[in-house]
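User: I am a first-year student learning to read protein models, and I would like a close look at a single part of this one. Please take me through it slowly and then place it in its surroundings.

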Amino acid sequence: MNCPYCHYHDSKVIDSRDVSDGIRRRRQCLACGSRFTTYERLQLAGLFVIKKDQRREEFNKDKLLTGLRKACEKRPLPTGAVDKLADDIEVELYRMGKAEIPSAVIGDMVMERLKKLDYIAYIRFASVYRQFTDITALKQEIDNLVNGEEKAPRLTSQLPLLPAEELETVTERGRRGGGKHG
Ligand SMILES: [Zn+2]
């Protein structure tokens, strides 16, 4: 910690005490003699998921795996494919280097990968994740698959870092805007 007054790189601790969430240290700059305070806090390495209702929940890979296994149940997938998918997503999430990630971003990451892995698993997952309210929306998703991705890009995939609420709006608009297939 550099001195905030002269930016000298070294200081001595003149007082140290425990506070509720860490350690408070009173320091004195070795160059200019100014005094300043630093706080040392424990930084959790955990990754938090911001849910649709804005609540935070620690990322749980087992939960992700459960969802994936449900979607991939009885599908002719190579052994370990589902675990690998969960591993890949976990690695990518941590690689993003963010402390909090909207659940919609994770959902889109799953959808993107499931689409390449198995269409039925993809539709199953989508039916839960997108919470299709009627058969038309589900049919459109299937049409999108049949007609190819370039014809119906997922708006949410292009805007992965919007807050969940805005994502919802985009998704709604996307659903209403489509429906010209068939
Ligand atoms: Zn100083």
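Leaving aside its neighbours within four places in sequence, which residues is arginine 113 in contact with?

Analyst: Please keep in mind that this is a predicted model. Once the neighbours within four places in sequence are left aside, arginine 113 is in contact with Leu85, Asp88, Ile89 and Glu92. Arginine 113 itself lies in helix 3, and with a relative accessible area of 19% it is buried, because the cut-off for that word is under 20%.

The helix that carries this arginine deserves a look of its own. Helix 3 has 15 residues, which at 1.5 Å a residue should span 21 Å, and its end C-alpha atoms are indeed 21 Å apart. Of those 15 residues 11 are buried, so helix 3 is largely enclosed by the rest of the structure. Besides Arg113, the buried residues of helix 3 include Asp108 and Lys115, and also among them are Ala104, Val105, Ile106, Val110 and Leu114.

From here we can turn to the largest nonpolar core, which has 31 residues and in which Leu68, Ile89, Leu93 and Leu114 touch the most other members. At least two residues of this core come from each of helix 1 (61-72), helix 2 (81-95), helix 3 (103-117), helix 4 (119-129) and helix 5 (135-147), and helix 3 gives the most, with seven residues. In soluble globular proteins, nonpolar side chains tend to be buried together. Ile89, one of the residues that touch the most other core members, is also one of the contacts of arginine 113. Leucine 68, for its part, is in contact with Val82, Leu85, Ala86, Val110 and Leu114 when neighbours within four places in sequence are left aside, and Leu85 is likewise in contact with arginine 113.

Helix 5, another contributor to the core, has 13 residues and reaches 18 Å from its first C-alpha to its last, close to the 18 Å expected at 1.5 Å a residue. Its buried residues are Ala137, Leu138, Gln140, Glu141, Asp143, Asn144 and Leu145, and helix 5 is followed by glycine 148, whose phi is positive, near 100°.

To place these helices in the whole, read along the sequence: the protein chain follows the pattern β-β-β-β-β-α-α-β-α-α-α-α-α, with seven helices and six strands. Of its 182 residues, 35% count as buried.

Among the strands, strand 2 and strand 3 pair in the antiparallel sense over seven bridges, and in one of these pairings arginine 24 has tyrosine 39 in strand 3 as its bridge partner. Five residues lie between the two strands of this hairpin, in which glycine 33 takes a positive phi near 80°.

The same region brings us to the zinc ion, which is coordinated by the SG atoms of Cys3, Cys6, Cys29 and Cys32 at 2.3 to 2.4 Å. The angles among the four donor atoms are 105 to 115°, and the site is tetrahedral, while the donor residues follow the spacing C-x2-C-x22-C-x2-C in sequence. Cysteine 6 lies in the segment before strand 1 (11-19) and cysteine 32 in the loop between strand 2 (22-29) and strand 3 (35-41), so this pair ties together parts that are 26 residues apart in sequence. Cysteine 6 counts as partly exposed at 34% relative accessibility, and cysteine 32 counts as partly exposed at 39%.

Note on methods. Residues are numbered from 1 along each chain as its sequence is written. This is a predicted model: local features need pLDDT of at least 70, side-chain atom pairs count only at pLDDT 80 or more; totals for chains, interfaces and linings use all residues. Side-chain values use heavy atoms; hydrogens and water are left out. A nonpolar core is a set of buried Ala, Val, Leu, Ile, Met, Phe, Trp, Tyr and Cys residues joined through side-chain atoms within 4.5 Å. Buried means under 20% relative accessible area, exposed over 50%, partly exposed in between (1.4 Å probe, protein chains only). Helices (H or I, at least four residues) and strands (E, at least two) are DSSP runs, numbered from the N terminus. Contact means heavy atoms within 4.5 Å. Donors are N, O and S atoms within 2.8 Å of the metal (3.2 Å for Na, K and Ca); water is not among the atoms, so sites may look incomplete. Four donors count as tetrahedral if all angles lie between 85 and 135 degrees; four count as square planar and six as octahedral if opposite donors are over 155 degrees apart and all others between 65 and 115; anything else is irregular. The expected span of a helix is 1.5 Å times one less than its number of residues. Two strands pair if DSSP finds at least two bridges between them.
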